[in-house]
Amino acid sequence: MASESQAKRSKRALVVGGVPEHFNYPWHLANEKGLFQKHGVEVEFREQKLGTGAMVEAAKNGELDLIIALTEGLVAEMATGSDLRLLGTYVKSPLCWAISTGVTSSINDVEDLRNGKFGISRMGSGSQLMAYVLAIQRGWNTDEISFEVKGDINCLCDGVNDQSTDAFLWETFTTKPYHDKGVVRRIGDITTPWPCFMLAAKSSIIDERLSEIQSCLSAVHEAALLFHEDKMMPTQIAEKYGLQLADATKWYNNVDIAASRFVSEAALEKAVEALKVCKRIPSTSYDVSTFIDIRVAELYRDVLSMKLYDQSELVIAIHRQLAAKGMSKGALNFKDLLPFDQHHYYGTAAVDDVIQKCRLSEVSRVINIGAGLGGPCRYISGTVACQTLACEVQDDLNRTAAELTERCNLTSKVHHMSGDFMVLAQHLQRGGYDAIVSWLTVLHFSDRLQLFKQCYELLRPGGFFFAADFFARNPLSHEEKM
């Protein structure tokens, strides 16, 4: 009977669930381009308006075979014993959540939300978790924020406007039409410290339909490649999802839809830690390798898996330090931040040394690799009035750095980019920079020769490369290596 039931089940289409948002356009593209047929699988994509929680339940009760859901929601489910398993990373880039408040609300700054009440779609939702992440990053007491379930985005808007709640968090571009129409006001944003969407299915479904799932994922991976190659895609996205073309273009230029089998170990571990803090899962140890199905997905350790790169504490620390000094909001001078944003040996004296050695002046263009909270760039631009580009691999550090730069009124001089420098460098002007500088960063590149080649190409003739880092004077002994 079991084999007969399995055979009957495999004859029907593979049912895939995902939110009706621009992130899932590659699924429609795969269907339009005949990619599912090409890979020998029949797929039915069903839009799920109620989000990750509802999709998880639908997957568990058999309504959906495969789901594209928020990473944090899937991790929470698996950490509490579910038989759902990850099949890969769908959207590799983090999700940016807009922070919105009412039109007539007295709240004008994110810092005003300390001890505030947040509207959420449901208990345990991404909108609740990210409010906790916001509180953690800002150094607030998470026990002092509260929540009220409102439901969908329209109800969330009603809540901040009737002031039964102070704010809510929702995906930036989905919320933007409400900002543009004046329904609610945007006062800030926050990004997830992990890739925003992953793919998952029940273990029993993977057992029964493994080859179909593999074919489906191959097809949508191909669709993702086409998605990124088609420069007319923003126009199609804007038309299908009711976005302004400028917004669709901005989103398209920054999103990384990978539809890949690879899953970052660091991403899962960060999600686990955040879920522990907000009491979504028990505070115990978890082996994140058990969250994936190794027949389909592959866990990998990237640079962010290193303890050095798990530096959300820097974001928390600077918010607490500023709060202690009464500088949580409002305009700043870059000098106000010097006690808090120079995370290298010898502080500003080391940066002054770079300014002198690299002969920086107001006409110079400078790249800082591993910019952290942006302190050296703000100091260089504030001191000699030149253009600096702060490149930082961690998105939470980068966004906090950009926020501080804006408060210092240095956005015309200091620019911020987030991502792997080896990737970012491919989009920068060859021969267009006078200096490339770094502190305690080069050591952590696996292919340093390629790094140096990239930097050489970016520098103008006679430009300077400066690196302050550790190196081995002599071969290390076995004991020293250990």
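Is Y346 buried or exposed? At 73% relative accessibility, Y346 counts as exposed. This is a predicted model, and the report below walks from that surface residue to an enclosed strand and then to the charged pairs.

## A nonpolar patch on the surface

Y346 sits in the loop that joins α14 (338-341) to α15 (347-357). It belongs to a nonpolar surface patch together with Y345, L443 and F470. Taken together, the four residues of this patch offer about 520 Å² of accessible area.

## Strand β15 and its partners

Let us now turn to the inside. Strand β15 covers residues 433-439, and S438 is part of it. Of the 7 residues of β15, 7 are buried, so the strand is largely enclosed by the rest of the structure. S438 fits this picture, because its relative accessible area is 1% and it therefore counts as buried.

Which strands pair with β15? One of them is β16 (residues 459-468), which runs parallel to β15 and is joined to it over 6 bridges. Within β16, A467 is the bridge partner of S438, while F466 stands opposite V437. Strand β12 (residues 365-369) also pairs with β15 in the parallel sense, here over 4 bridges. In that pairing, V366 has A435 of β15 as its bridge partner.

The contacts of S438 tell a matching story. Leaving aside neighbours within four places in sequence, S438 touches N368, I369, F466, A467 and A468. As a reminder of the geometry, side chains in a regular strand alternate between the two faces of the sheet.

How is the path from β15 to β16 arranged? Helix α19 (residues 448-458) joins these two strands in a right-handed β-α-β unit.

## Charged pairs

Side chains of opposite charge can pair when their charged atoms come close. In this model the count comes to 27 salt bridges. Three of them are set out here.

| Salt bridge | N to O distance |
|---|---|
| D112 and K329 | 2.3 Å |
| D143 and K279 | 4.0 Å |
| R295 and D293 | 2.7 Å |

The side chains of D112 and K329 meet in a salt bridge. This pair links distant parts of the chain, 217 residues apart: D112 is in the loop between β4 (84-101) and β5 (117-120), and K329 is in the loop between α13 (312-324) and α14. Both ends are partly exposed, D112 at 25% relative accessibility and K329 at 44%.

Why does the salt bridge between D143 and K279 tie together separate parts of the sequence? D143 lies in the loop between α6 (126-138) and β6 (146-149) and K279 in the loop between α12 and β11, so the pair connects parts that are 136 residues apart in sequence. D143 is exposed, with a relative accessible area of 61%, and K279 is exposed as well, at 64%.

In the pair of R295 and D293, the closest N and O atoms are 2.7 Å apart. R295 is partly exposed at 38% relative accessibility, whereas D293 is buried at 8%. Elsewhere, R12, D65, R209 and E212 are linked in a network of salt bridges.

## A loop residue between α12 and β11

T284 is found in the loop between α12 (265-277) and β11 (298-300). It is partly exposed, with a relative accessible area of 41%. T284 and E273 are 11 residues apart in sequence, and their C-alpha atoms are 9.9 Å apart in space.

Methods. Residues are numbered from 1 along each chain as its sequence is written. This is a predicted model: local features need pLDDT of at least 70, side-chain atom pairs count only at pLDDT 80 or more; totals for chains, interfaces and linings use all residues. Side-chain values use heavy atoms; hydrogens and water are left out. Buried means under 20% relative accessible area, exposed over 50%, partly exposed in between (1.4 Å probe, protein chains only). Contact means heavy atoms within 4.5 Å. Two strands pair if DSSP finds at least two bridges between them. A crossover is right-handed if, with the strands pointing away from the viewer, the path from the first strand over the helix to the second runs clockwise. Patches are made of residues with over 30% relative accessible area and no salt bridge: like charges are joined within 9 Å, nonpolar side chains (Val, Leu, Ile, Met, Phe, Trp, Tyr) within 5 Å. Accessible areas come from the Shrake-Rupley method with a 1.4 Å probe; for residues, only the protein chains shown count as cover.
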